[in-house]
Amino acid sequence: MAPEDGVHRGGHAELLARHRAVMPDWLALYYDQPIELACAQGRRVTDREGNTYLDFFAGILTNAIGYDVAEISDAVRAQLDTGVLHSSTLYLIRAQVELAEKIATLSGIPDAKVFFTNSGTEANETALMLATGYRRSDQVLALRNSYHGRSFASMAVTGNRGWSASSLSPLKVSWVHGGYRYRSPFKDFSDADYIKACVADLREVIETTTAGDVACLLAEPIQGVGGFATPPDGLFAAFKEVLDEYGILLISDEVQTGWGRTGEHFWGIQAHGVTPDAMTFAKGLGNGLAIGGVVARGDLMDSISANSISTFGGNPVSTAGALATLDYLLDHDLQANAAKMGDLLGHGLRTIAEDRPAVGDVRGKGLMVGIELVGPAGEPDPKAAAAVLEGSRERGLLVGKGGLYGNVIRLAPPMTVTEDEVVEALGILGDVL
């Protein structure tokens, strides 16, 4: 980098050099010239050099309410003022109990109990531990194109080569079709025939690659890192009929689909008319605070016979902030806003796509919308996605990128997003595309 470039980039260039010196090479950064976010309010963030952006990725769907929300900040400050930032779960934590009570009720799972962790990865690890112990089996079913975390077991059930750093695994995993319809061999089937084909595949996988006593199927209702791939409604209800024949548990990974983000339901799995045995959650619950967890049937949650705690999971600060976040989300009916703004965003993108052949697919629900970019023959075009990512930032809009081939633009703004902001984003995306 030339000296004048360093001066022009100011703090970003210096911080990037320091980052590269001490942080792992595999720690991904967005943009050719990565940016540092210095302050934020509402749905807008400002970088260290004074550039302001409309944020349509929300810290990877984590800032569900937006930035600088008084109710959440006040709850965190009130806890800080007590002097008790941490106590460990060896002591009663009032906010933790109150939060668990609300989540158990909202889950719809009978006799539900809740265990808190620090992230979605930890939540999925816990769910896998519960299922394999309960079923006394290390066999697990997962969906192709899935993502469940970066730890040893959660990576093992991640069906995306770009996020699987090792072939080593503590589990025996079998992969089934269903999540990523756009490039599925069943792509052109009707919804009903697509579901039938995926169910037939599930049954064949169980009968040919397992001993039958499988622990669970872990699945995202909408595949997040996989590019917001969205199967037809009813798929997981049909799956569960087969799973029930074998006593296999169904675990819904709601890390990205939870808290009403899909608009039509509070949990993504509800679109399929089925109640899972357990759900994992994280991200939007803390609006930026580190929190995740599992909500499961009481008998499943209580099945662990050894001692087990989480030192930081469900700590006083994170649960106080999460409780305020959940209350705000419910009090302001942000699920309804996600449905309304999601319809506006999806319709606008489909209109834009009509005369832009580079857009192969627009999909998702509510405020989880993916734009799959393709080449002339319909092949994945990751370079186009990278160009849209950069071009959007240059015009003042932050978006995400993902998909099995890195060719999907991911849009997931805070659930408080307004109509004017959606229209603004559509204008930018229309120009960039």
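This tour visits a pair of helices, a sheet and two loop residues in a predicted model.

**First stop: helix 13 and helix 14**

Select residues 382–394, which form helix 13, together with residues 419–432, which form helix 14. Two packed helices are described by the angle between their axes and the distance between the axes. Here the axes come within 9 Å and cross at roughly 130°. Helix 13 is therefore oblique to helix 14, because an angle that is neither under 35 degrees, over 145, nor from 65 to 115 counts as oblique. The crossing of helix 13 and helix 14 is right-handed.

Next, display the side chains where the helices touch. Which residues of helix 13 meet helix 14? They are Ala387, Val388, Gly391 and Ser392, and their counterparts in helix 14 are Ile428, Leu429 and Val432. The residues of this contact comprise 5 nonpolar and 2 polar ones, with no charged residue.

**Second stop: an open sheet**

Now turn to the open sheet of 4 strands, whose order is 11-12-15-14. The pairing in this sheet is antiparallel. Which strands stand at the edges? Select 359–365 for strand 11 and 400–402 for strand 14. Each of these two has a single partner strand, so one side of each is left without a neighbour in the sheet. From one strand to the next, the twist averages 25°.

Keep strand 14 selected and add residues 408–411, which make up strand 15. How many bridges join strand 14 and strand 15? The two strands pair over 3 bridges, in the antiparallel sense. To follow the pairing at the level of residues, select Gly402, which stands opposite Val408 in strand 15.

**Third stop: two loop residues with positive phi**

The last stop concerns the backbone angle phi. Most residues other than glycine have a negative phi. The next two selections depart from that pattern.

Select Ser88, in the loop between helix 4 (70–81) and helix 5 (94–107). Although Ser88 is not a glycine, its phi is positive, at about 75°. Is Ser88 buried or exposed? Its relative accessibility is 12%, so Ser88 counts as buried, the limit for that term being under 20%.

Finally, select Asn287, which is placed in the loop between strand 9 (278–281) and strand 10 (292–297). Asn287 is not a glycine either, and it has a positive phi of about 50°. With a relative accessible area of 12%, Asn287 is buried.

Definitions and conventions:
Residues numbered from 1 in each chain as written. Predicted model: local features only at pLDDT ≥ 70, side-chain atom pairs only at ≥ 80, totals over all residues. Heavy atoms only, no water. Axes fitted to C-alpha atoms, helices over the stretch in contact; angles between N-to-C directions. Left-handed = near helix turned anticlockwise from the far one by under 90°. Contact = heavy atoms within 4.5 Å. Nonpolar A, V, L, I, M, F, W, Y, C, P; charged D, E, K, R; others polar. Pairing = 2+ DSSP bridges. Buried < 20%, exposed > 50% of the residue type's maximum accessible area, 1.4 Å probe, protein only.
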